[in-house]
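Got your viewer open? Load the model below and follow along, one selection at a time.

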Amino acid sequence: MNTSLPVYEARNLKVIRGGSLILNIPSLVVSEAEILVLIGPNGAGKSTLLQTLSALVKPSRGDILFRGQRIGTDIPLLEYRRRLAMVLQEPLLFDTTVYNNVASGLKIRGMKKNEIAPIVARALDRFRIAHLRDRSARTLSGGEARRASIARAFATNPEVLLMDEPFSALDPIMRETLLEDLEHVLRETRITTIFVTHDRMEALRLATRLGVMNTGEIFQTGSCDEVMNHPVNEFVASLVGVETILQGKVIRNNSTTSIISVSGKEIEAMGDAGLGEAVVLCVRPENVILSGIALASPTSVMNTFPGRVEKITPIGHYRKVQLHCGFPLTAYVANSSSSDLSLKEGTEVLASFGAKAIHVIKKGSAVDP
Amino acid sequence: MDLILEGIKKAFWLLVSFDPEVAGITFLSLKVSGTATLISLFIGISVGASVALTRFPGRRIVVSLINTGMALPPVVVGLFVTISLWRNGPLGFMGILYTPLAMIFAQAVIATPIVTGITLAAVQQLPAKLRLQILALGATRLQMLWILIKEAKLSLLAAVMAGFGGVISEVGASIMVGGNIKGYSRVLTTATVMETGRGNFDVAIALSIILLLLAYLINLVLTQVQQRERPR
């Protein structure tokens, strides 16, 4: 196995169905031991990309190289498929025992019973389902079935793991424990993984690299920090949790900052946008600080605006506070702070955010795959 | 009423006395219908699964034909098989008309569309992504087909029951291609028709009861297997 080459290299990959272009990936490289998490809404093309990479869907155009070898020509399809494992959204277990399910990939490879037994035992242990080995797969709960399907994938000791929203439809507690186990096993085994989800938190937990997909294209890939804080466009921004996306125009430039006019208000942001240039400002809700008007003290943060609370939505330990400051602004406030500020709809507050907390997207920014 | 009671008594007597003629007829019925069912399973499962798993132009027409075939009238099958096996017919060279082999042939023609249709529906009912999952596990096409058939086994047992039930109880084709020759091609259904025609209602009722009992016992065994396999 040549580990100096990328595990996957896709070039000009296109999938056309019924005359519509449903996948369009000019370039994608996946490196050894990487956990690439692709997020995107339903219909973004995430599953199609996984199925194309696993050679279950034939690309209409383009090439996929697996460790430098063209799939289906340099490397036979069956041999390639036996080097990877795929976990789909539904567990799709066979109508037999959990043991037989976990062993199924090994049986398909023609392994002997005595060789299979220790491998299956290890996979069952790894995902804490050893006590279920003789149970019929049809009697498992949703979480147990997911564990069995993931154990089945790991049992074949794949070089690549492709996971298509494996935790969807699980309750939060089940999801959390399973995610924790998977995270542990992935870090331990260092299997190259492509994981598809539409859950941001899941993505951030697992990813060594994050990708954002929509309409069959990868809009951006990068480290979690890069994608979360420096989205390339408004779609990526909204998908990675930027709640405040404002349209503005540069009216002044200082040495390192620009003054941007948004609905008649002036916002200072870091950046090098040209004078008069139309820009989009992205402010993450956790970077907005609220304070009471009466308690307001001079602050070094330039962007401070009085505003009125329009809506408060509880989200666990936090509250999502939507304000109107002449422009819409959203902040996350800890429940305790919310009580201290006596926040309720109609309350007048001061909202502040630093110039560095703003990500500026120049209008018409090029898509960076 | 007396007639029925007399028939039941006669059946009981024929069974316990192990009447050699009745035993021979029963054995031949089982042999002919059992063999025909096996042939239909081999062809029906292969064709049904293949049609369920492939997309090709005119597929809907093929599926409609299979579904229509599930209601093939045995006399129509009997007529066409007789013509085919007739001395001057396309299969006349085989020289098997009025033999148990011809009856197996005709009954296989009746049972095959039933097994094909049920297999088609059973495989189509499996989750669409199951195929992807099996292939992603590294299966060859043949391994995938085998796993899918195993996954549809409960429905396929129903296909066995329906196929066997269809042929053990048919009379039209068997009489036409087998000729109801005593000691050679006489089966339970053809014997029942003959005895009824002769006015021997007690014997006819006895044969019917044996036929019903036979069908019940075989279906009981298959049902046991099916229900044991049912997800708990």
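Which residue in β8(A) is the bridge partner of I35(A)? Select T193(A), and you have that partner. Before going on, some housekeeping: this is a predicted model, where local features need pLDDT of at least 70 and side-chain atom pairs count only at pLDDT 80 or more, while totals for chains, interfaces and linings use all residues. Residues are numbered from 1 along each chain as its sequence is written, with chains lettered from A and ligands numbered from 1 in the order in which they are written.

**Stop one: β3(A).** Select residues 35-39 of chain A, which form strand β3. Helices (H or I, at least four residues) and strands (E, at least two) are DSSP runs, numbered from the N terminus. To one side, β3(A) runs parallel to β8 (residues 192-197), joined by five bridges; β9 (residues 209-214) also runs parallel to β3(A), with four bridges. Strands count as paired if DSSP finds at least two bridges between them. Opposite L38(A), in β9(A), you'll find G211(A).

Now colour by burial: buried takes 20 or more other C-beta atoms within 10 Å of a residue's own, exposed 12 or fewer, partly exposed anything in between, with C-beta atoms placed from the backbone. Five of the five residues in β3(A) are buried. I35(A), V37(A) and I39(A) cover one face, and L36(A) and L38(A) the other.

**Stop two: the core.** Keep V37(A) and add V102(A), A151(A) and L281(A): these have the most contacts inside the largest nonpolar core, which has 114 residues. Such a core is a set of buried Ala, Val, Leu, Ile, Met, Phe, Trp, Tyr and Cys residues joined through C-beta atoms within 7 Å. Helix α5 (residues 142-155) of chain A gives the most to this core, seven residues. The core lies between domain 1 (8-238) and domain 2 (242-362) of chain A, because both give residues to it. Those bounds come from an automatic or database domain assignment.

Centre on L281(A): among the residues it touches are L246(A), I260(A), V262(A) and I358(A), leaving out those up to four places away in sequence. Contact here puts C-beta atoms, placed from the backbone, within 7 Å.

**Stop three: across to chain B.** Show the contact between the chains, with 19 residues from chain A and 16 residues from chain B. On the chain A side, α2 (77-81) and α3 (98-108) are the elements giving two or more residues; α3(A) gives the most, with three.

**Last stop: zoom out.** Chain A has ten helices and 20 strands, and its C-alpha atoms fill a box of roughly 75 × 45 × 40 Å along the principal axes.

Key: Contact = placed C-beta atoms within 7 Å.
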